[in-house]
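User: I have this one open in front of me and would enjoy a guided look. Could you pick out a single loop for a close look, and then connect it to what lies elsewhere in the chain?

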Amino acid sequence: MSLIGGLLKEFGDHRAVLDLLDAAGDAVVLLENGVVAGASTRCPLPLRDFLCEGSLFLNLFHGASSAQVKQALERAQAGRTSTVYAPFTFESELHLEWQFRPVRLAQRPLVFAVGRDISHHRTIQERLLQQATHDALTGLPNRLLLEDRLREAIEVAQRSGVGFAVAALDLDGFKKINDGLGHAAGDALLQKTAARLKQTLRQQDTLARLGGDEFVAIFPGVDKPAAAMHVGQRLLDALREPFTLLDYTMHVATSVGLALYPAHATLDHRLLAAADEALYQAKDAGKGVVKLYAPEPGPALAKIPALEAELFRAVQKKELSLVYQPIVDAQGNWLGLETLMRWHHPELGTISPAEFIPLAESCGLIQLVGAWALQQSCLDVAWLRAHTGQELYVAVNVSPKQLRSHGFMPLVIDALEVSGLPPSALSIEITENTLIVDPDEAGKLLNELMAMGVRVMVDDFGTGYSSLAYLKRFSIDCLKVDRSFVAQLDRPGPDREVCMAILAVARELNLHTVAEGVESVAQFDTLKEAGCERFQGWLFAKPMALPQLAQALQPK
Ligand code: C2E
Ligand code: CA
Ligand code: CA
C-alpha cells in the first residue's frame with residue numbers, strides 16, 4: 001500500500017496529510033520512534049529501496065551526517081522542527097536536505113522526514129567556490145586558497161609539532177616563450193607544467209599558481225633541510241624532459257626556492273616571502289638550482305620580497321590612503337588636484353610611493369592598488385565638487401602595466417559612473433615610458449580615453465626616452481615638466497635650457513603645461529615668464545587629505 005493510502009486509512013484526517021505531502025519535497029518518510037513507518041513513492045532511487053518499513057532511519061547515514069540526523073530526530077521528538085544537510089551515499093551521492101517535523105496523528109507522536117534534493121544548488125555552489133579559489137587556466141588553487149592552506153598547515157604544525165616546507169618556483173625565460181610563440185603556447189606550457197608538477201606531489205601536498213609563471217607548493221611534514229631539498233629537486237626533475245608545444249620541442253629551465261616552518265618564519269606571508277627570496281638566490285646561483293632560504297643581514301626595507309608580502313597585507317588591512325596636491329594657475333587659483341598615494345606601515349612608519357609603487361608594479365599588486373586609487377579619487381573629488389561648488393579636476397597617476405591591462409577602460413568607465421564625476425574632470429598621468437613600450441597599443445588606448453572626454457597628461461616629461469616626435473602621434477592634453485628641471489631653474493645651465501625648450505615645444509604643439517615641484521617665488525616667476533600655465537609645488541600647497549582640502553576650500 002502506498003504511504004498516502006496507508007495514512008488515509010489509518011488517520012482519516014486526509015486533508016492535513018495531503019496538504020503536507022503536496023508541499024513536500026522529493027522524499028517523504030514517516031517515522032515512529034526513529035523507525036520507518038512509510039515512505040512516499042516520489043523518493044528517488046536507490047534511496048527508496050532502503051526505506052523498508054520497520055528499518056532504522058538512522059542507518060541510512062554515516063559519520064557526521066548520522067550524528068546530525070540523530071540530533072534533529074531528537075529535537076523533532078521533543079516537538080521542534082529542524083533542517084539538516086545529510087547526503088545519502090550508495091554508488092553515487094544524493095545531496096539531500098532533510099526537514100524533520102513533529103506531527104501528532106491518532107494520538108501517536110510521529111515525525112515526518114521531508115528530504116529535498118539539492119544537488120543542483122550544490123553544483124552551482126561548488127562551481128562558484130571553485131571559480132573563486134582556483135586558477136581557471138590550470139585548475140590549481142589560486143593565491144586565495146593557497147593562503148588558506150598555509151594557515152591550515154600552520155595550525156596543523158602547531159598542534160602536531162611537525163613543521164612543513166614551502167617551495168616557490170618559476171620558469172626561466174617564460175616571458176620569451178609567451179612573447180615569441182604567442183599566448184596560446186604560453187598557456188599550454190603553463191598547463192603542462194602544472195600537470196607535471198602535480199604528479200610529483202603526495203596527496204597531502206598543495207600546488208598553487210599565483211599568476212604568470214609563479215607556482216608555490218606546500219609540503220606538510222617536510223621540516224628538515226635535507227628532506228626539503230629532496231622535494232625541491234623532485235619539482236626540478238619533473239620539468240627536465242623537454243616540452244612539445246605547437247610542433248616545437250623546448251627545454252624550460254626552472255629554479256626553486258624553499259623555506260621551512262618554523263625555522264625560517266612562522267607567519268604565512270613571511271614564509272611566502274622567505275621562499276621567494278630563496279628563489280631569487282637560486283636564480284642568482286644559475287639556472288636549474290634549488291636553494292633553501294638563508295636570511296641576509298640588513299635593514300627591513302632592503303628585503304624586497306618581505307616588503308612585497310607586507311604590501312599585500314597592507315592592501316587587505318587598508319593601510320594605504322590618498323592625499324591630493326593642488327594644481328594652480330598663474331594667479332594661484334586652484335584648478336585641479338593630483339592624487340598621491342601614502343602607505344602607513346604600523347612599524348616602519350610612512351613609506352614613500354616612490355619606494356612602494358615600483359614594488360607594487362613588480363609583484364603585480366599595482367592592478368589592485370591602482371584600481372582602488374582611481375575609484376577612490378573619483379569618489380573623493382566628486383564629493384569635494386558637490387561640497388564646495390568648485391569645479392576641480394583630478395589627475396590620477398597610472399602605471400604602464402595598469403594602463404595596458406584589459407581591465408583598464410572598464411575600470412575608468414565604472415569609476416566615472418559610480419562617482420558621477422564628468423569625464424572632463426578626470427585626467428590620467430602616464431609617463432613617457434608607457435608610450436615607448438608599445439606605441440600602437442598605447443595610442444589606441446589614449447584615443448579611446450580622449451573620445452570619452454578623459455584627458456591625458458605626460459608626467460615627468462623630459463626624464464624618459466621619448467622623443468618630441470612622439471607627442472604629435474598621441475592624444476595628449478598636457479605635459480608635466482619634471483621637478484628635477486624646475487629645481488635647477490634658479491641657476492643657468494642645461495636643466496634650465498631643457499625646461500625652457502619643453503615649454504616652447506608645448507606651446508608649438510598646443511599642449512597645456514604644468515610645472516611640478518615649484519618651491520620658490522623665483523622659480524614661479526621664471527616659469528610664468530617662459531609661458532607655463534599651471535603650477536604645482538610646496539610654494540602653493542603640500543599634498544593634503546580630503547578633510548583638509550574641504551576645509552581649505554571653505555569661503556573665508
Ligand atoms: P610624481 O607623479 O612626480 O608626483 C609628484 C611628487 O612630487 C610627489 O611625491 C609630491 O609629493 C612631490 N612634490 C610635490 N610638490 C613638491 C615640491 O614642491 N617639492 C618637492 N621636493 N616635492 C614635491 P610623492 O607623493 O612622494 O610621489 C612620488 C611618486 O610616486 C609620484 O611622482 C608618482 O610617480 C608615484 N605615485 C604616487 N601616487 C601614485 C599612484 O596612485 N599611482 C601610481 N601609479 N604612482 C603614484
Ligand atoms: Ca604624477
Ligand atoms: Ca611627476
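Analyst: Proline 262 sits in the loop that connects strand β13 (254-261) with helix α10 (268-284). Please keep in mind that this is a predicted model. The peptide bond between tyrosine 261 and proline 262 is cis, with omega at about 5 degrees. That is worth a pause, because most peptide bonds are trans, and most residues other than glycine have a negative phi.

The second half of that rule has exceptions here too, in other loops. Lysine 318 is not a glycine, yet its phi is positive, about 60 degrees. You will find lysine 318 in the loop between α11 (304-316) and β15 (320-329). With a relative accessible area of 71%, lysine 318 counts as exposed. Asparagine 510 is another residue other than glycine with a positive phi, in this case near 65 degrees. Its loop runs between α20 (494-508) and β22 (512-515). Asparagine 510 is exposed as well, at 71% relative accessibility. A positive phi also turns up at a glycine: glycine 79, which follows helix α4, has a phi near 100 degrees.

That brings us to α4 itself, which is a pleasant helix to look at. The helix takes in the 15 residues 63-77, and at 1.5 Å a residue it should span 21 Å; the C-alpha atoms at its ends are 22 Å apart, in agreement with that figure. Its buried residues are Ser65, Ser66, Val69, Ala72, Leu73 and Ala76. They lie on the same side of α4, because the arc they cover around the axis is only 130 degrees. The spacing has a simple background: an α-helix has 3.6 residues a turn, so residues three or four places apart point the same way. Cover for the buried residues of α4 comes from elements that include β1 (27-32), β3 (82-85), β6 (96-105) and β7 (108-117). On the face turned away from that buried side, α4 carries the exposed residues Gly63 and Ala64.

Now back towards the strand that leads into the cis bond. Strand β13 covers residues 254-261, and Thr254 is among the contacts of leucine 171. Leucine 171 belongs to strand β8 (residues 164-171), and with a relative accessible area of 3% it is buried. Beyond its neighbours within four places in sequence, leucine 171 touches Leu189, Leu190, Thr193, Asp213, Leu239, Val252, Ala253 and Thr254. Valine 256 is 85 residues away from leucine 171 in sequence, while their C-alpha atoms are 9.4 Å apart in space.

One of those contacts leads on to helix α8 (residues 183-199), where threonine 193 lies. Threonine 193 is buried, at 0% relative accessibility. Apart from neighbours within four places in sequence, threonine 193 contacts Leu171, Phe215, Leu239 and Phe243. Leu239 therefore appears in the lists of both leucine 171 and threonine 193, the latter being buried at 0%.

Another buried residue to visit is valine 231, at 6% relative accessibility. Valine 231 is part of helix α9 (residues 225-238), and it touches Phe219 and Val222 when residues up to four places away are set aside. Alanine 165 is 66 residues from valine 231 in sequence, with 9.1 Å between their C-alpha atoms.

The cysteines deserve a word as well. Searching the whole structure turns up zero disulfides. Cysteine 478 has as its nearest cysteine sulfur that of cysteine 532, 8.5 Å away, and cysteine 478 is buried at 0% relative accessible area. The sulfur of cysteine 499 is 7.5 Å from its closest counterpart, again in cysteine 532, which is too far for a bond. Cysteine 499 is likewise buried, at 0% relative accessibility.

Finally, the whole chain. The protein has 22 helices and 23 strands. Its radius of gyration is 33 Å, well over the 24 Å that the globule rule gives for 556 residues, so the protein is more spread out than a compact globule. The C-alpha trace spans about 110 × 65 × 50 Å along its principal axes. Of the 556 residues, 47% count as buried. Taking contacts between residues at least 6 apart in sequence, 60% join residues at least 24 apart. The accessible surface is about 27600 Å², with 53% of it belonging to carbon and sulfur atoms.

How values were computed. Residues numbered from 1 in each chain as written. Chains lettered and ligands numbered in written order. Predicted model: local features only at pLDDT ≥ 70, side-chain atom pairs only at ≥ 80, totals over all residues. Heavy atoms only, no water. Helix = DSSP H or I, 4+ residues; strand = E, 2+ residues; numbered from the N terminus. Expected span 1.5 Å × (residues − 1). Buried < 20%, exposed > 50% of the residue type's maximum accessible area, 1.4 Å probe, protein only. Arc of directions from axis to C-beta. Contact = heavy atoms within 4.5 Å. Disulfide = S-S within 2.5 Å. Rg over C-alpha atoms; globule rule 2.2 N^0.38 Å. Areas by Shrake-Rupley, 256 points an atom, 1.4 Å probe, with all protein chains shown as cover.
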